[in-house]
Amino acid sequence: MSKKVLVVVASTRPGRLGPAVASWFIRATTGTAMDLGVEVDVADLAEVGLPFLDEPEHPATGIYQHEHTRAWSRRVAAADALVFVTSEYNFAMPATLKNAFDYLSAEWAWKPCLFIGYGNTSAGTRGVQMARGVATSLRMLSIGGDIFLRIADDLSDGTVIETERLAARAKDALTELTRVADVLRPLYRADLEIVPAVPGDVPELLVLQRCCWVDEAIVNETLDLPALVEPEDEVRAALRVWTTWCVRSGGRLVGSVRAKRDGDTWNIGRLMVAPDQRHSGLGRRLLSFAESQAPVGVTEATLFTGARSERNQALYQKAGYSLFTENAPAGAVGLRKPL
């Protein structure tokens, strides 16, 4: 199983050395990454461009109003392990790294992390010490074996002096990071991976949508809802028209969402979470995932829910959707969001 390591470059100041340090780490570990089946993604906070924390909801809720937050969430959530390349400013980590930490919560949890510090007198150790404390509070596991580079000794003309000693440390660190990620995977993935639906899922999809749409029927005072009345063969046929994804926990199907393209629009439907899994953030995760799967050229996402389903409408509006009523089915409202 391939793994993704996210290398976060913390400093954003002009003339920074972070990108050079990150590039050295990637070069030094290229062969090791290939052997271990590791894909490396570099998140340069100068390019990510997160503003100072501007989300009204607490990160623990997973409710994000801004696309820059949702994009950051998707990137961190996709990672199996993290490498933080950080400088030290005034005995502390850069404010940009603390800000990036504070935007999210569950996306960091239970993942192993490694620090590469660089600086002058302390080689970045004090900045890493502060960052490690924050990472621990976010339930990341710092594996130790961090790498520290003293600018006067290990860098020259803005680049890392490549030595066998440093390369060996980098390779060992990536190997250990990957091994720990394998052990922790049941915690940070929590057996809730989003995977494409297959025909064998149809019976459970049918049961799940019956369970999920009972509340909709009660709130909207109607049993005339396709999810409640369509037979199994129609659910099976829909797999050929819609791209459908499922989530399982302990072997049981607990969530699903589907989407299809219609011109410039990405239609999202049948977002459902088993009643005992609600309020866990799974619905928001499924919605965000469905949005992220939109093909190139799509300009907006749309979905429909009951006209009286105020809780659903509030969830979607907090995710950046706005209401519309034109062309909505009877008893329903539409919601759209630019992509």
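The following exercises, each with a worked solution, concern a predicted model.

**Exercise 1. Strand β13 and its partners**

Determine which strands pair with β13, and in which sense.

Solution.
Step 1. Start with β12, which runs parallel to β13 and is joined to it by three bridges. Within this pairing, Asn267 stands opposite Thr302 of β13.
Step 2. Turn to β15, residues 332-338, which pairs with β13 in the antiparallel sense over seven bridges. Here Phe304 faces Gly334 of β15.
Step 3. Add the helix: β12, α12 and β13 together make a β-α-β unit, and this unit is right-handed.
Step 4. Check the cover of the strand. Five of the seven residues of β13 are buried, so the strand is mostly covered.

**Exercise 2. An aromatic pair**

Classify the geometry of the ring pair Phe304 and Phe324, and state how covered each residue is.

Solution.
Step 1. A pair of aromatic rings is described by the distance of the centres and the angle of the planes.
Step 2. The whole structure contains nine aromatic pairs. In the pair of Phe304 and Phe324, the ring centres are 5.9 Å apart and the planes meet at 70°.
Step 3. Centres within 6.5 Å count as a pair, and planes over 60 degrees apart count as edge-to-face. The pair of Phe304 and Phe324 is therefore edge-to-face.
Step 4. Place the residues: Phe304 belongs to β13 and Phe324 to β14 (residues 322-324), 20 residues apart, so that the pair links distant parts of the chain.
Step 5. Compare accessibility with the cut-offs, under 20% for buried and over 50% for exposed. Phe304, at 40%, is partly exposed, while Phe324, at 8%, is buried.
Step 6. Aromatic residues also form a cluster, made up of Trp72, Phe84, Phe101, Trp108 and Phe115.

**Exercise 3. A loop residue**

Is Val296 buried or exposed, and where in the chain does it lie?

Solution.
Step 1. Val296 sits in the loop that runs between α12 (282-292) and β13 (300-306).
Step 2. The relative accessible area of Val296 is 80%. The cut-off for exposed is over 50%, so Val296 is exposed.
Step 3. For a distance across the model, take Asn99, which is 197 residues from Val296 along the chain; their C-alpha atoms are separated by 30 Å.

**Exercise 4. The cavity**

Describe the lining of the largest cavity by element and by class.

Solution.
Step 1. One cavity of 30 Å³ or more is present, and the largest cavity has a volume of about 90 Å³.
Step 2. At least two lining residues come from each of α9 (202-220), α11 (232-238), β11 (252-262) and β12 (265-273). Among the lining residues are Leu205, Val235, Ser256 and Met272.
Step 3. Sorted by class, the lining has five nonpolar, three polar and two charged residues.

**Exercise 5. Two pockets**

For the largest and the second largest pocket, find which element supplies the largest share of the lining.

Solution.
Step 1. The largest pocket holds about 1500 Å³ of space. It is lined by 50 residues, and Trp213, Glu216, Thr305, Asn312 and Tyr316 are the closest to its centre.
Step 2. In the largest pocket, β12 gives the largest share of the lining, eight residues. The classes there are 22 nonpolar, 16 polar and twelve charged.
Step 3. The second largest pocket has a volume of about 1200 Å³. Of its 44 lining residues, Ala77, Glu107, Arg189, Ile194 and Arg285 lie nearest its centre.
Step 4. In the second largest pocket the largest share, eight residues, is from α12. Its lining has 20 nonpolar, ten polar and 14 charged residues.

Notes: Residues numbered from 1 in each chain as written. Predicted model: local features only at pLDDT ≥ 70, side-chain atom pairs only at ≥ 80, totals over all residues. Heavy atoms only, no water. 1 Å grid on protein atoms, 1.4 Å probe; cavity = no way out; pocket = protein on both sides within 12 Å on 5 of 7 lines; lining within 4 Å. Points joined across faces, edges and corners; volume = space filled by probe spheres on them. Helix = DSSP H or I, 4+ residues; strand = E, 2+ residues; numbered from the N terminus. Nonpolar A, V, L, I, M, F, W, Y, C, P; charged D, E, K, R; others polar. Buried < 20%, exposed > 50% of the residue type's maximum accessible area, 1.4 Å probe, protein only. Pairing = 2+ DSSP bridges. Right-handed = clockwise from strand over helix to strand, strands pointing away. Phe/Tyr/Trp six-rings, centres within 6.5 Å; stacked < 30°, edge-to-face > 60°.
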